[in-house]
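Dear colleague,

I am passing on the structure below, together with some notes on what was found in it. Please look through the sequence and the model first, and then read on.

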Amino acid sequence: MNKPPGEEPQDELTVTPPKTWAAGVPAVVHALEYSLQQTSPLKTGVDLLTMNQVGGIDCPGCAWADPSPGHRHRNEYCENGAKHINDEATTRRVTADFFREHSVSELSRRSDMWLNQQGRLTEPMVKRPESDHYEPISWNDAFGLLSAELTSLDTPDEAVFYTSGRAGNEAAFVLQLFARALGTNNLPDCSNMCHESSGFALHETLGTGKGTVSLHDLHHADLIFLVGQNPGTNHPRQLSALEQAKLNGARVIAVNTLPEAGLLRFKNPQKARGVIGRGVQIADRFLHIRAGGDLALFQALNRLLLEAEDTRPGQVLHHDFIRSSTSGFEEFSAHARALSWDDMLTATGLTRKEIEKVHDDVLRSERVVVCWAMGVTQHKHGVPTIREIVNFLMLRGNLGRAGTGACPVRGHSNVQGDRSMGIWEQMPDIFLDALQREFGFDPPRAHGLDSVNSIRAMREGRIKFFLALAGNFVRAAPDSEVTEAAMRNCRLTAHISTKLNRSHTVCGRTALILPTLGRTERDIQAGGEQFVTVENSMSEVHTSHGRLRPASKLLLSEVAILCRLARRTLDGRADIPWEQFEADYGTIRDRISRIVPGLHDFNRRVARPGGIQLPNPVNEGVFPTATGKAMFTRNAWEMPRLPEGHLLLQTLRSHDQWNTIPYTPNDRYRGIHGSRRVVLVNPADLRELGLAEGQHVDLVGVWTDDAERRAQDFEVVPYPTSRGCAAAYYPETQVLVPLDSVADISNQPTSKSIVVRLEPAPARTSTPPG
């Protein structure tokens, strides 16, 4: 149960054995329990019965694809989606009285959970220089402050515009258009911190930054790899797709540093076998890999495939595909054969026999899909790891055919759509040329700042203005103390938000909170009632229609906020009809249809049940790479290095959490109840380190800059993590992720690869927030 909104949750840890299955009746009970604590039974029913339905509300949580129209369950949502949508639909309100009662300094000491539980923001607020309180401000005056700051900058590149995946396509398109009309490509987004490594690796090898898999492919694969992901918590509806694949005869191989309940067995609460039966076993094989060992695993599998081809010429590799559709095979083959088995086994922590059994599974499978998430991307060698996965898929022609492909599983509702709409600091010239033709201005061509480089620039005083479209940048970003100091170095910070979060308490000299409609709410503009569109992980674009009355009469939509700011700031400098865009989002989609490939005739096509399937060149046999073919790559063997007496820490979410916001202090699938300040460590490692169950420790980060990063007062929990590896919850451990510890090529923070030592915690009078 949640504490009342006026009380902080107290750490009272109880540990029970981890669950060996996910979902089932308890998932339904917990979803309804949390929803009814937040809002009325009527609103709960409206939300849940229209969620992920044709003409309904798209889940603002994960980006998993919906079944095709006619094949959707009446309750097409998961436990986490139900909590997420009703967390937004809460009846709790944050008013001007709240900000009069609570100073910014006080709020900055509150936990993420407490801030979220206060409810929906209801009116625009400003914190002025030298003040420690937010106070009400009119929308007109708020836009005046913002535009005055923007027009006073020495260069538009002193501004940063951040976007979270919660934003819809129309708002994302308007934001990037405004930023580029202003004159900057400083458009960091949450992709920079989660799947940027996927985008770079797939662009280089296949010519597209997106996955190549549909739900149909998953349903009809013979073999599915789940690498570095926990679908039971982070993408629960993926379990339904895996259940269908299993019933169709697929085998599943889970590759993870922790045994996760959703990878073991799934009890689908929508089906009788999930309610009264044992459900469906998901993983046929579980590889208990060391963190960062996935590159070595696929290198080992690729070497075994090459050697099997030597033994059975013409019977293992797909030579027609390799010859006609790929380049670089001979160089790759020579490199793969020279890799050391000792190195590969050391990196994975697996035995050769375990890897050979997987190899046997591969040889028996005609159709293979590899799914991965941030357990792969958030390492220094995340890009090479994904390139090696592509090598693996190409060897047996597992691309472009039904039941095969590469499947990066995105973690936030429209993060892929934001990128399609131009939210990227490195958009190619073909997109910028299309903007120029459509709107008659020349967009800037120099690459802008991503998330990590934006923090560096703010720290150095090169950024004066920060605007966030949704999200909780301060808590999502690495190196918390550095990030917060950088944000406080800005002249003005502004957040377009639905609910209170820590980013509102880490302010520039002037700070604005711009409250916006949630996806659950009706959006009525001068042109009538509007809908927005989103793109899921499988490149399907469809509508989302809000159903509820807005939380406050003073809320504006994301599109309205951005269009009014653009009109006020640009003052006719570009031929862009901002007023029309605000009145009728269809006029935005008309412009998008002439700029974004695959979205021609956008308004008509997206209104059809199921929306629009964007084309994927790989599935058409086209590879827009430097060679015009899919590219084999040579990837140097690499693994994280640990000093003696240290562990490799990965950050992760609890089950009762979405992104940076915990809903309760529980993680029932892992058996953690009542506290989030825990560190999960293999019992054998605890013995070697001389630590005991229940002991309180500080997590001390080790990095080459010699600066000490410390997360204070965590309770030790023995857990079946891989040897030498530990895990703790995000965002509490973001303080340990060095700003400069990033993935090669993609510049993505390495949140799954933090070298730490565990020190007995000194007695303290208070526990840190969160």
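**An enclosed strand and its surroundings**

Strand β7, which spans residues 159-163, has five of its five residues buried, so it is largely enclosed by the rest of the structure. Please keep in mind while reading that this is a predicted model. The cover extends to both faces of β7, since A159, F161 and T163 on one side are buried, as are V160 and Y162 on the other. The strand is joined by five bridges to β16 (residues 465-469), and the two run parallel. Within this pairing, F161 of β7 has L467 of β16 standing opposite.

F161 deserves a second look, because nonpolar side chains in soluble globular proteins tend to be buried together. The largest nonpolar core holds 66 residues, and the members that touch the most others are F161, L467, L514 and W578. Helix α8 (residues 169-182) supplies the largest share of this core, namely ten residues. If neighbours within four places in sequence are left aside, the contacts of F161 include L175, F178, A179 and L182, and also L150, P188, F465 and L467. Another core, of 54 residues, lies apart from the largest one, and L305, V390, L399 and V618 are among its residues.

**Salt bridges**

Turning to charged side chains, the general point is that those of opposite charge can pair when their charged atoms come close. The count for this model comes to 58 salt bridges, of which three pairs and one network are described here.

The first pair to mention is that of E158 and K464, whose side chains meet in a salt bridge at 3.2 Å, N to O. E158 lies in the loop between α7 (139-152) and β7, while K464 lies in the loop between α25 (451-459) and β16, so the pair ties together parts that are 306 residues apart in sequence. Both partners fall under the 20% cut-off for burial: E158 is buried with a relative accessible area of 9%, and K464 is buried with a value of 18%.

A second salt bridge brings together the side chains of E196 and R419, at 3.1 Å, N to O. Because E196 is in helix α10 (residues 196-206) and R419 is in helix α23 (residues 415-420), this pair ties together parts that are 223 residues apart in sequence. E196 and R419 are both buried.

In the third pair, the side chains of E243 and K271 meet in a salt bridge at 3.5 Å, N to O. This pair also links distant parts of the chain, with E243 in helix α13 (residues 238-247) and K271 in the loop between β10 (265-267) and α15, 28 residues apart. Here the two partners can be set side by side: E243 counts as buried at 1% relative accessibility, whereas K271 counts as partly exposed at 30%.

Finally, there is a network of salt bridges that links K246, R251, D284, R285, D361 and R364.

**A nonpolar patch on the surface**

At the surface, V25, V29, V275 and I276 make a nonpolar patch of about 370 Å². One of these residues, V275, is found in helix α15 (residues 272-275), and V275 is partly exposed, with a relative accessible area of 42%.

With best regards

Note on methods: Residues are numbered from 1 along each chain as its sequence is written. This is a predicted model: local features need pLDDT of at least 70, side-chain atom pairs count only at pLDDT 80 or more; totals for chains, interfaces and linings use all residues. Side-chain values use heavy atoms; hydrogens and water are left out. Patches are made of residues with over 30% relative accessible area and no salt bridge: like charges are joined within 9 Å, nonpolar side chains (Val, Leu, Ile, Met, Phe, Trp, Tyr) within 5 Å. Accessible areas come from the Shrake-Rupley method with a 1.4 Å probe; for residues, only the protein chains shown count as cover. A salt bridge is a side-chain nitrogen of Lys or Arg within 4 Å of a carboxyl oxygen of Asp or Glu. Helices (H or I, at least four residues) and strands (E, at least two) are DSSP runs, numbered from the N terminus. Buried means under 20% relative accessible area, exposed over 50%, partly exposed in between (1.4 Å probe, protein chains only). Two strands pair if DSSP finds at least two bridges between them. A nonpolar core is a set of buried Ala, Val, Leu, Ile, Met, Phe, Trp, Tyr and Cys residues joined through side-chain atoms within 4.5 Å. Contact means heavy atoms within 4.5 Å.
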